Every structure is written in structure tokens, then in C-alpha cells.
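Here is a set of exercises to work through with the model open beside you. Try each task before reading its solution, and enjoy the tour.

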Amino acid sequence: MKVVVTGGAGFIGSHVVDTLLARGHFPIVIDDFSSGSRKNLPSEVPVFAVDIRDREKLSSIFAETRPEGLVHLAAQMSVSRSMREPAFDAEVNVMGLLNVFDIAAHYEIQRIVFASSGGALYGDVNDPVAEEAPKRPISAYGISKWVGEQYLEFYARERGIKGVALRFSNVYGPRQNPHGEAGVIAIFCQRMLSGETTTIHGDGRDIRDYVYGPDVALANVLALEKPLENSFTAINISTGTGTDVNEISAQILRLTKQYLKTRGRTTSIPGSQHGPARHGDLRSNQISPLYAEKILGWRPQVPLSEGLSTTIRWFDAGISARPLV
Ligand SMILES: NC(=O)c1ccc[n+]([C@@H]2O[C@H](COP(=O)([O-])OP(=O)(O)OC[C@H]3O[C@@H](n4cnc5c(N)ncnc54)[C@H](O)[C@@H]3O)[C@@H](O)[C@H]2O)c1
């Protein structure tokens with residue numbers, strides 16, 4: 001299947017591209033490179049450097065390439081920016097999304113997979129929640145993801161498309177940007193490998209459900225491939241297991257030390273310090289993946305310790321490759 005991947009040069013998008021190729025599909029990437037990188041992509045993949053807000057250019061790409069499937073991942077990703085600039089968030093995550101869905105519908109796309117967010121929709125929840133749980137988006141980012149789902153449901157119903165909203169929990173793995181506000185694993189891996197200090201906001205007992213990027217990528221591709229009964233389906237993509245930040249920090253510290261030792265390198269790594277809690281951080285967010293198994297035959301494959309080890313190795317390759325000053 002020929003598949004447009006918006007945001008395909010980003011962290012999750014580039015893993016989706018890899019998985020599409022591995023399963024015999026033909027990915028086409030649309031990305032404005034605001035946070036993504038060409039280095040994340042194999043050279044044979046067609047790439048269009050276009051902002052999803054540019055309707056005319058988007059339209060000409062669809063006219064030229066005539067894709068059958070769409071994975072829509074391009075987004076304004078920062079929760080704090082969405083709080084400061086809700087209109088900018090909506091420009092990309094609502095108006096940009098509408099451009100993409102509208103043009104895809106015009107060119108008779110058969111299936112759309114949309115990256116939604118379990119964390120932003122369900123808010124503070126102590127037990128792994130199923131898809132029917134109440135939606136309580138608090139941030140502008142959460143509101144735009146929720147609106148995006150409603151628009152997908154609308155296009156699916158009205159234009160005979162199959163629409164799938166995947167509600168990811170906290171995704172981590174190689175290629176995640178360690179310079180953002182989120183992605184504690186990327187930030188800690190990079191800093192600990194460099195022997196830098198790491199800070200845990202608050203008491204470190206905030207719980208999240210960490211799911212590995214390549215596992216999430218497979219869920220996206222299965223959502224394109226599997227026969228689906230309903231025109232619109234929302235599916236959680238998560239592990240169902242919560243881990244607190246203290247535990248994440250301790251595991252990354254232990255695995256980084258172990259990794260450096262096997263390579264004959266000694267770096268003293270300070271343990272994480274605790275700083276003030278961040279306003280608005282959720283106490284607990286846990287998400288059930290049971291429906292994903294039923295509908296997509298998907299379940300997470302990579303255990304946390306294995307995913308962390310691979311992520312540490314990947315960040316080390318990046319750090320070692322940079323010139324030393
Ligand atoms: N990482 C997570 O834990 C997580 C959790 C839930 C949902 N999501 C969603 O998954 C998607 C991908 O996230 P990611 O973690 O890979 O982030 P990312 O920043 O690595 O990827 C986003 C990609 O979109 C591109 N992009 C941004 N604005 C664009 C625009 N206006 N036009 C064209 N391209 C644009 C960026 O350059 C980047 O390549 C996003 O929609 C995000 O909201 C991510």
C-alpha cells in the first residue's frame with residue numbers, strides 16, 4: 001500500500017516508515033522538519049518538505065502520489081507551548097489536520113490512522129483505563145487531539161473512509177528528541193551518558209505507561225492493514241503497566257553504568273536530584289492495551305529494560321559521533 005506519513009521524519013514517524021518498508025508498503029513522507037530530521041529516514045523514501053498548514057502544496061503532493069493510506073503524525077507536540085499559545089496549537093493540530101484529512105478525502109484515501117494521546121485525553125487515572133473512560137483534556141494540546149479524533153470520526157462517516165485514532169501512552173526509544181520538555185527517558189539517557197546531572201520534578205512518584213517506539217510503529221501499520229468493521233475506531237496503544245520516575249531514573253542509571261563498563265569506559269554518573277514539581281504534571285496515567293490486542297492483534301513486544309538498553313546504545317552512538325570540543 002502507498003502510504004503518506006505526515007511527521008514521518010520525526011521520532012515515531014521514522015519508525016512507522018521503517019515498519020512500512022519492512023512489511024512491503026511504500027511510504028511517502030510529508031514533514032516541515034521543525035523537529036524531525038532527514039537522518040531518521042532511509043534515502044530511498046520520497047520526502048516532501050512541506051508544512052501541513054500549506055493546503056496548496058499538500059494538495060499537489062496527493063495529486064501526484066495518489067496514496068491509499070495515511071498516517072497522520074505531524075503535530076505541535078509541546079503541551080506547555082499549547083498552554084502559552086493555544087491558537088498556534090490549533091493552527092497546526094486542528095487547521096493543519098483538517099487540511100490533511102480534507103485533501104486525503106478528496107483524493108479518495110481508504111484509511112486514515114491518527115496519532116492521538118492517552119495521556120492528554122484521560123488525564124489523571126490510577127488504573128489502566130479502557131477507551132470508554134471519560135475524556136478530560138486539560139491542556140490546549142489535549143483539546144486539539146480530542147477535536148482531531150472527532151474530525152476523523154466525521155470524515156470516516158461522511159466520506160466512506162476507515163478512520164483509526166491511536167491513543168498512545170508515553171512513547172520512548174531511539175530517535176526521540178532529548179531537548180524537548182517531555183520524553184524523560186530520552187533526556188535521562190542522553191544526560192547520564194554524558195555524566196551530567198539529571199533532575200526529577202517533584203517526589204518522582206508520578207506514574208506513566210512507557211511504550212517502545214518501534215512497537216508503536218507496528219500498531220500504526222496494523223491499523224492500516226487489519227480489516228475493520230466500524231468506520232471509526234479509537235484504540236489505546238500502551239503496555240498497561242505503570243512505572244514511576246524514580247524507577248525509570250534508577251534503571252537508566254544502572255543500565256548506563258553496565259553498558260559503559262562493558263565498553264571499558266568509566267564515567268562517574270551522578271544519581272538524579274529532586275527539584276520542584278511542575279505545575280500541571282499528572283500524578284498517574286495508565287492505559288489499558290487490551291482492545292488493541294482484540295482489534296489489531298497487537299501487543300507490546302519489547303520489555304522496558306530491553307527498550308531502555310537499546311535506547312542507551314542509540315544515544316551513545318549519537319554522542320560519540322559528535323566532534324569532541
Ligand atoms: N511521543 C509521545 O510520547 C507521544 C504520545 C502521544 C501522542 N504522540 C503524538 O505522536 C505524533 C508524533 O510524535 P513524536 O513523538 O514522533 O514527535 P516528533 O516531534 O519527533 O514528530 C513530529 C513530526 O512532525 C513534524 N511536524 C511538526 N509540525 C509540522 C507541520 N506543521 N507540518 C509538517 N510537519 C510537521 C516534525 O518536524 C516532526 O518530524 C504527534 O502527533 C504526537 O502528538 C506522541
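**Exercise 1. Locate Ile 248 and decide whether it is buried or exposed.**

Step 1: Ile 248 belongs to helix α9. Keep in mind that this is a predicted model.

Step 2: Count C-beta neighbours inside 10 Å: Ile 248 has 23. The threshold for a buried residue is 20 or more, so Ile 248 counts as buried.

Step 3: List the contacts, not counting residues up to four places away in sequence. Ile 248 touches Val 184, Ile 185, Phe 188 and Thr 243.

Step 4: For a sense of distance, take Ser 144, which is 104 residues apart from Ile 248 along the chain; their C-alpha atoms are separated by 29 Å.

**Exercise 2. Work out how enclosed helix α7 is, and what follows it.**

Step 1: Helix α7 covers residues 184-193.

Step 2: The buried residues in α7 are Val 184, Ile 185, Ala 186, Phe 188, Cys 189, Gln 190, Arg 191, Met 192 and Leu 193.

Step 3: That makes nine of the ten residues of α7 buried, so the helix is largely enclosed by the rest of the structure.

Step 4: After α7 comes Gly 195, with a positive phi near 70°.

**Exercise 3. Classify Gln 258 and Ala 130 by their surroundings.**

Step 1: Gln 258 sits in helix α9, residues 245-262. Ala 130 lies in the loop between α5 (118-122) and α6.

Step 2: Gln 258 has 11 C-beta neighbours inside 10 Å, so it counts as exposed. For Ala 130 the number is 13, so this residue counts as partly exposed.

Step 3: Turn to partners across the chain. Gln 258 and Ser 309 are 51 residues apart along the chain, and 9.7 Å separate their C-alpha atoms. Ala 130 is in contact with Ser 288 and Tyr 291, leaving aside its neighbours within four places in sequence.

Step 4: Finally, compare Ala 130 with Leu 260: they are 130 residues apart along the chain, with 40 Å between their C-alpha atoms.

**Exercise 4. Trace the strand order of the open sheet and find its edges.**

Step 1: Seven strands form the open sheet, in the order β3-β2-β1-β4-β5-β6-β11, and the pairing is parallel.

Step 2: At the edges stand β3 (47-49) and β11 (232-237); each has a single partner strand, so one side of each is left without a neighbour in the sheet.

Step 3: From one strand to the next, the twist averages 20°.

Step 4: Check some individual pairs. Strand β1 (residues 2-6) and strand β2 (residues 26-31) are joined by five bridges, and Val 4 has Ile 28 as its bridge partner in β2. β4 and β5 pair over four bridges, with Leu 70 opposite Ile 112 in β5. β5 and β6 are joined by seven bridges, and Val 113 stands opposite Val 164 in β6.

**Exercise 5. Explain why β5 is largely enclosed, and name the helices that pack across it.**

Step 1: In a regular strand, side chains alternate between the two faces of the sheet.

Step 2: On one side of β5 are Arg 111, Val 113, Ala 115 and Ser 117, and on the other Ile 112, Phe 114 and Ser 116; all are buried, and both faces are covered.

Step 3: Seven of the seven residues of β5 are buried, so the strand is largely enclosed by the rest of the structure.

Step 4: Helix α6 (residues 140-159) lies across β5, β6 (162-168) and β11, and runs at about 160° to β5. Helix α8 (residues 213-225) touches β1, β4 (69-72), β5, β6 and β11, and its direction makes about 165° with that of β6.

**Exercise 6. Describe the shell around the ligand.**

Step 1: The ligand is surrounded by 27 residues, the closest being Gly 7, Gly 10, Ile 12, Gly 36 and Ala 75.

Step 2: By class, the shell has 13 nonpolar, ten polar and four charged residues.

Step 3: At least two shell residues come from each of α1 (11-22), α4 (86-106), β5 (111-117) and β7 (170-172). α1 gives the most, with three residues.

**Exercise 7. Relate the two assigned domains to each other.**

Step 1: The domain assignment gives domain 1 (2-171 + 211-237) and domain 2 (174-208 + 242-283 + 303-321).

Step 2: Taken over C-alpha atoms, their centres are 27 Å apart.

Step 3: 13 residues of domain 1 are in contact with ten residues of domain 2. The side of domain 1 that touches domain 2 has two nonpolar, ten polar and one charged residues.

Definitions and conventions:
Residues numbered from 1 in each chain as written. Predicted model: local features only at pLDDT ≥ 70, side-chain atom pairs only at ≥ 80, totals over all residues. Near = placed C-beta within 6 Å. Nonpolar A, V, L, I, M, F, W, Y, C, P; charged D, E, K, R; others polar. Domains from an automatic or database assignment. Contact = placed C-beta atoms within 7 Å. Pairing = 2+ DSSP bridges. Axes fitted to C-alpha atoms, helices over the stretch in contact; angles between N-to-C directions. Buried ≥ 20, exposed ≤ 12 C-beta atoms within 10 Å, placed from the backbone.
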